[in-house]
Amino acid sequence: MSEQKQQVLVFSENQSALQELLSKGREIASNSGIECVAIVLDKREKEELNQLGGWGANKVVVVEDPYLENFNAEACTDAIASVVSQLTPKMLIIGGTKRDMELAARLSGRLNVPCISHCTDFTVDKDSGQVEVKAMAYSGLGVATYHCKSPLVLGNVEPGTFKEEAIEGDSAEVIELKAEIKAPRVSTVQIQAKIVQGEKIENATTVVDIGSGVREKADLDMMANLAGLLGGQMACSRPVSADREWFPHFLGISSKKVSPELCISIGVSGAIQHMVGIRGSKVIVAINSDEDAAIFSQADYGILGDLYEIIPALSEAISGNR
Amino acid sequence: MELFGVFFLIGLISFVLLCALRISFWFKGQDIKGIQQKALPIIWNRKGQLFKELFSEALTVKKYRKKDRINGSFKAAFVMAFLAISILYQIKAQFAPQLEGINWFLRIFYAPFVDFLVLANTNVENFTVLDAFYGLASDTFAVIVLSFDLTLLIKVFTRKPGQFKVNWKIIFTTYHYHLFIFSRYLAEASTIMAFDVPTGIAQYWYLGFGLAQVMVYLNIPLEAFHYVLWSINGLALGLMIASIPFSQLWHIVSAPANILRRCLLDPKDGGLPRGRSLTKPFDLMEMIESENFDIEIGANEIEKFDWKQRISLDACMKCGACQDACPAYAAGRDLSPTLMTQALQAKMKTQFLKEFLKRPEDSKELIGNTVTEDTIWSCTTCAACIQACPIDNVHTEYLMDFRRHLIANNQMDKQKVNVITAIADKANPYGLPKIDRAAWAKDLTVPTVADNPESDYLYWVGCASSYDTRNQKIAKSLVKILNKAGVNFSILGKEEPCCGETVRRIGDEARYQEMVMENIEVLNAYKVKKIIVNCPHCYNTIKNEYPQLGGNFEVIHHSTLIQDLIQQNRLELSNEVKQTIAYHDPCYLGRYNGEYEAPREVLTSIPGSKLVELGRTKEKSFCCGGGGGNSWYEIPERESISGIRVTEALEANIDTLSVSCPYCISMLEDSLKVKGVEKKLPVKDIAELVAQSIN
Amino acid sequence: MKIIACVKYSLDVSEMRVDPSSKKIGLDGVPKRLGEIDKVVLEEAARLKEENDGSLFLLTYGPDNTKDGLKEAMAMAVDEAVVVVNPFEDTLSTRSTVEVLAKAIEKIGDVDVIVCGETSDDGYSFQVGPMLAERLNMPQVTYAKNLKIDADHLIADRDLEECMETVKASLPAVVTVTELSNEPRRPTMLDALKAKKKKIDLWQTEADLGISNAQLEELSPLRATDIEGIEVKRKQVLINGKNAGEAIKELMNYLAEENVMGGQ
């Protein structure tokens, strides 16, 4: 078995994250002559497992055990550690959901290899076979490069880092493995699904941020429409909440702070107290008619114009794209 | 001794005892020996000032007259007449031949009723000019008193709804005083009738005389009651005097005592008009050194206020001047300085009285009972109340003591915790990184103090002008001015700390002192002597409050500096700024530090400018609502304080509203934006206008 | 009941800047302080201690001036603190940190609950907690809030993405909390001054815990060869002078590039 191919093992409890990792795994695997193997610890139909091939898996390893229910961390660690010992992996890439990250850290301890968190890229040197990993450093302030010397490279990846790509027709070979899984010392008492509606503004992925430039309360209908189209929520600056009382809360230094993917600030001047509430946003778009407004220097994209023309046009463009 | 004398004597004794009791309330729980040791020598040293004050305030109620001309003038007349007549009666009593045989001590108690004896025993032969004079004096006193009463009555009828003025309750509870007046002249009339006093004599007691004529005309046999009436008069006087300590009239004692309290304030304490710099409630260094952290901080009980604060409470006469001036009250917040002071006054009276009578109240706690948390946080510390108060009470100091109590007991809501944490961790209330503090200056020629250690001035930019994009324009304008004028200055750059004012005003005194001691070390390490500031809060704190912790620096507000530069011809104001400008006096520059002229002179030096005044201006300027930590938290109100101020500005027909404080700029601009009229009325710092005018 | 709160004297990432020319992250003069998450850790541990009449140890591994950063932390119901001094200038790796913490915890002994943050403010690796549980062979509850002790079990809610999972773990256990797990108490300055009297032990990795520098290095084979800073500056792209339709078209292009219109 010395000629057994090496693998890049991939696992995530989340299907969408798994797909992304498999696609990257496929890329690594094809570039370096190794296999991409998905580890599955939850109950699935054979059909589903085969389809993982379309996302990038050459093989799918399945471990079944009642202790694995709800992705129990101890059981999953036992399971994956066992899989690793039964195969010849070069890399073990874990996803970036909360459960995934706990698992990756435990595996690092269990397997006695370092774990690299928040990996952004993996490259295998064609000649030496050494793996170079790039990962986030200092909470995202920088990117660190690692040249891994250990026989197994372990890393976790934040969801959304890699692009998933389905290739039609590709299917994966499904292998069932047995693993010795000890009884976990942590048991699930109950699970309560989180209500998606009425979610906290802090969890919104898109925020429509309303400022004093919006004149009438009736204009909020237009804003709500935009927020709906973007799957986001509305929020506002202090004067709109405190003085006009259109909203019970506002975003700002003395109140709530958000870090959505996209924040569209409409008629917001850009005063520092409010900016502190939205500056965690990945992308800030500002719409304002005042060319001197401070918001423009604190936004990624700004439109100097009348919001009463821009917002309807924006909503139309978005719904047109659907 | 006649019955009236007995009543008077009992009244006097009661007065003395009750007065002593109520005065003891001021000193309950205080270190009396310490007070004697510290206060008495100061009072003795300032006796000249003290007498001057007593004369002008207690006698002529100068400040009250300024506030309310009519009522005040009559009050002054009343006070002086009362004193005069009391002295005259005593003198008369001592020398009256009608009192022969009565020893001099007892004569003291006859004095108020000496008219009775004179009228009863006088004949035309021994009636002198002096006697006539006394008669006139006596009844003229009544006229003054009645006129004063009338002005009070008019106040009741001219009271606007919600306005704080004299009401029926006050008039009614001083019934004995009215009884005294009316019974007196009835008694005089009745004596005149009973003893058939010849007109030649009686006419001098013209009121009594006139009344006697009316009685005769109406056929009322008043003469039968003369002894009764005088006795009633005595009773009324006795009651009146006895009631002074626990009625409206207590201010007769507490107001002069308050004058004593005021003369203890050192005008050199920060060089301020008195009462305006915050006093230091404890010394952190001493606490650390003695390792005694169990001291009480702040107040939630009357007994925690010191004797000076308690005298101030008692001296309040509910004139309502503070409430009329208070911006928080005008905005519909849960704060009326008058009601607060009165509530505390009443609480002190009832609580200590009940304790004296061994029937103590259940709750001594003030917060939540006598004042609410909203009341406490509503104050912007603008000092309009202190300015307006005829007796110089310092209302803000009670609110500060409440705040200190809340902070020391960790009873702050998230907003306040956030701002204090931000200042503690990041040296600015926005919580923005220290490393970015001088980012505003990166494209300008602004040396740091490390680069330019020999600079003449340190420009202390302050948190607002460093981090707030809008206020950064002030800093940039000022730098342009300083460079143009060739001023040798430097900034602290990213090492610049927060001056600490917000922390102190929110009530975290311990943290404030720790911060400031560090700040002073930093300034001293760089051998800083002169500091330029563009923020009146930084100005007031560094200039007047840092010395309390050992930091003594010469602090210059940028308006003064710019005025000097203009006068020295170091600035060429060549560009016209053709605008009608009104200047809004910031509280911390105006009322707190008396600087009204320099900014105005700067503005009038700008060619093309026309300076006008807003309705409420200079020491009567209406706060923008940003002080006292208010710009960092929400408080329930009917409308915003800055909204009220900008409405006033918008009605004034001006092109530009000029200020010299970054808080004012933020608050006023925000309100204009909410109203949608920010383009109509730009708000500009004087530095920005000057920078516009130079090339 | 003995509780240990593991905290970190970490770099204040908000004060770090990327040098635009060299692209390097400036580490000189960056202040260190107890992270935001560490306050949550202490609060959770303090609450557990108060509800169960226990004792609370603060444990941290860091430079010897870490002591200075603990002033306010000590006022959060901490009974005693242990600072294990890092013989190296920086944290070498999560595995070496975990080894040190584990040895220190074993030395403190008789521990019932260990509370950690899900990650540290500067390292941001999300590894120490679970690794520590693995190393100490203890059950673990991650992303926990509403901790309760019931007989000799720990019950907590795990704040996961799509659900709240209530779990029961046997003691002793390791718990990690998130920044949203509770609202930390804010000790006043005076509380901090009063807490100065409390004991802070300084332990050496070799002398007190028997871990040599060589061992620590062995546990840290992976070091970054390079760290390149990402300049997170706002792009400040201004779309001006176009009519609404064109402006929106341009904006939509940008947003598509940024991949932020995921929404529903």
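Q: Two strands are taken to pair if DSSP finds at least two bridges between them; how many bridges join strand 4 to strand 9 of chain A?
A: This is a predicted model, in which local features need pLDDT of at least 70 and side-chain atom pairs count only at pLDDT 80 or more, while totals for chains, interfaces and linings use all residues. Residues are numbered from 1 along each chain as its sequence is written, and chains are lettered from A and ligands numbered from 1 in the order in which they are written. Strands (E, at least two residues) and helices (H or I, at least four) are DSSP runs numbered from the N terminus. Strand 4 (residues 89-94) and strand 9 (residues 153-156) of chain A run parallel, and the bridges that join them number four.

Q: Which residue is the bridge partner of Leu92(A) in strand 9 of chain A?
A: Strands 4 and 9 are neighbours in an open, parallel sheet of seven strands, ordered 5-9-4-1-2-3-10 in chain A. Within strand 9 of chain A, the partner of Leu92(A) is Leu154(A).

Q: What angle does the direction of helix 4 of chain A make with that of strand 9 of chain A?
A: Helix 4 (residues 98-111) packs on the sheet and touches strand 4, strand 5 and strand 9 of chain A, where a contact requires C-beta atoms, placed from the backbone, within 7 Å. Axes are lines fitted to C-alpha atoms, for helices over the stretch in contact, with angles from 0 to 180 degrees between N-to-C directions. On that basis, the angle with strand 9 of chain A is about 160 degrees.

Q: How many residues of chain A are in contact with chain C?
A: On the side of chain C, 61 residues take part, and several elements each supply at least two of them, including helix 3 (128-136) and helix 6 (244-258) of chain C. Strand 16 (residues 301-304) of chain A also pairs with strand 13 of chain C in the parallel sense over three bridges, with Tyr301(A) opposite Val237(C). The residues of chain A in contact with chain C number 65.

Q: Which handedness does the crossover from strand 7 to strand 8 of chain B have?
A: Strand 7 (residues 656-659) of chain B is joined to strand 8 (residues 683-685) of chain B by three bridges, and the two run parallel; the bridge partner of Ser658(B) is Lys684(B). The chain crosses between these strands through helix 32 (residues 662-674) of chain B. A path that runs clockwise from the first strand over the helix to the second, with the strands pointing away from the viewer, counts as right-handed, and this β-α-β crossover is right-handed.

How values were computed:
Two residues are in contact if their C-beta atoms, placed from the backbone, lie within 7 Å. Two strands pair if DSSP finds at least two bridges between them.
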